[in-house]
Amino acid sequence: MSRRLLPLIPLSLLILCPGARGVETAFDQGRAWSLLEDQLALGPRYPGSPGHTAARWWIIGELAPLVDELTLQRFEYQPPFGETVTATNIIGLLNTPAETRVMLGAHWDTRRYADEDPDPARRGEPVPGASDGASGVAVLLELARVFAESPPEVGVLFVFFDLEDQGRIGGQEFCIGSERLAAAEALEFDYGVIVDLVGDAELNLHPEGHSLRGAPELVRRVWDIAAELGESAFIDEPRHTITDDHLPFLRRGRPVIDIIDFDYDYWHTVNDTAAHCSPDSLGAVGRVVETLLRRGGSGGW
Ligand SMILES: [Zn+2]
């Protein structure tokens, strides 16, 4: 054995060591948390509210300096009952020349009525949207900062969907914004990840049913990375099947999965507040998605 080979022995042992965390991430969960708080400070962000207008400008202001191109898809939507609303999908593209492109999506609107609140007297109030709205936006904006500073090999399409969360109110559907964007077939990307309801302080992320059927390799990839990183919030047992912003894309044959905690006790209640969320939860999701994109690949794992 030559002396030159000796240092390789401990190195290979280290690589094979189960649970070794040789993964570097730059995602700052403290910054993500302040991005969540910034949104809550704007008030409820349902269509037609002052908070909705303010949040639109706030997201544009945060995103614009971090991306190469910023596009707005503005559209009018007439609910079956009630007034027409103007909605906006906000789209930012980073690392434009890259051959492979990944879409990261989150909805930015919050629900008009807390119709799942245990107190019937409060069901007419709006949902603050700490986990349901602000958490996904916060994770995406922090990832945009991280990738702007140190771009991955892939291009990243950041999409902030409007009108996800007004389903059943005035006869509306869920996911109006993503449906409009998917139907336009204007987005070029190889695969996508939606993050929604990822703020829960007791985070439980199970592979989601539609995602498993439509993009099983991508689900496998994400949950494997989570296991490698030791992110125990990712639980490798399917549990829920949910209508979310991935579905309009999946229906058109595009591989987009949903990372969502559907065991959040405060879902669609007035208590969907920062008190029931945690920076650690934003960090867990941010680190896994950052690693997924840093490893590149065109989606055919
Ligand atoms: Zn919701």
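What covers the buried residues of α7? Among the elements that do so are β5 (191-196), α6 (209-214), β6 (256-260) and α9, and the tour begins there.

Before selecting anything, note that this is a predicted model, in which local features need pLDDT of at least 70 and side-chain atom pairs count only at pLDDT 80 or more, while totals for chains, interfaces and linings use all residues. Residues are numbered from 1 along each chain as its sequence is written. Element names follow DSSP runs, numbered from the N terminus, with helices being H or I of at least four residues and strands E of at least two.

**Stop 1: helix α7**

Select residues 216-229, which form helix α7, and check its length: at 1.5 Å a residue, the 14 residues should span 20 Å, and the end C-alpha atoms are indeed 20 Å apart, which agrees; the expected span is 1.5 Å times one less than the number of residues. Now colour Leu218, Val219, Val222, Trp223, Ile225 and Ala226, the buried residues of α7, where buried means that 20 or more other C-beta atoms lie within 10 Å of the residue's own, exposed means 12 or fewer, and partly exposed is in between, with C-beta atoms placed from the backbone. Looking down the axis of α7, you will find these buried residues within an arc of 155°, so they line one face of the helix; the arc is taken over the directions from the helix axis to the C-beta atoms. As background, an α-helix has 3.6 residues a turn, so residues three or four places apart point the same way.

**Stop 2: where α7 meets α9**

Add residues 279-294, helix α9, which packs against α7 at an angle of about 115° with the two axes 9 Å apart; axes are lines fitted to C-alpha atoms, for helices over the stretch in contact, and angles run from 0 to 180 degrees between N-to-C directions. On the α7 side the contact is made by Arg221, Val222, Ile225, Ala226 and Leu229, and on the α9 side by Arg287, Val288, Thr291 and Leu292, a contact requiring C-beta atoms, placed from the backbone, within 7 Å.

**Stop 3: the end of α7**

Glu228 lies in helix α7 and, with 16 C-beta neighbours inside 10 Å, counts as partly exposed. Measure from its C-alpha atom to that of Val23, 205 residues apart along the chain, and the separation should read 8.6 Å. The helix is followed by Gly230, whose phi is positive, near 75°.

**Stop 4: helix α5 and the loop after it**

Move to residues 176-184, helix α5, in which Ile176, Gly177, Ser178, Leu181 and Ala182 are buried; these pack against β1 (69-77), β2 (85-94), β4 (155-161) and α8 (247-250). Just after α5, Glu185 takes a positive phi of about 50°. Continue to Asp190, in the loop between α5 and β5, which is partly exposed, with 18 other C-beta atoms within 10 Å. Leaving aside residues up to four places away in sequence, Asp190 touches Thr100, Arg101, Val102, Ser298 and Gly299.

**Stop 5: two loop residues with positive phi**

Which is Arg168, buried or exposed? Arg168, in the loop between β4 and α5, is exposed, with 11 other C-beta atoms within 10 Å, and its phi is near 75°, a positive value in a residue other than glycine. Finish at Leu197, in the loop between β5 and α6, where phi is near 55°, again positive in a residue other than glycine; Leu197 is buried, with 29 other C-beta atoms within 10 Å.

Notes. Two residues are in contact if their C-beta atoms, placed from the backbone, lie within 7 Å.
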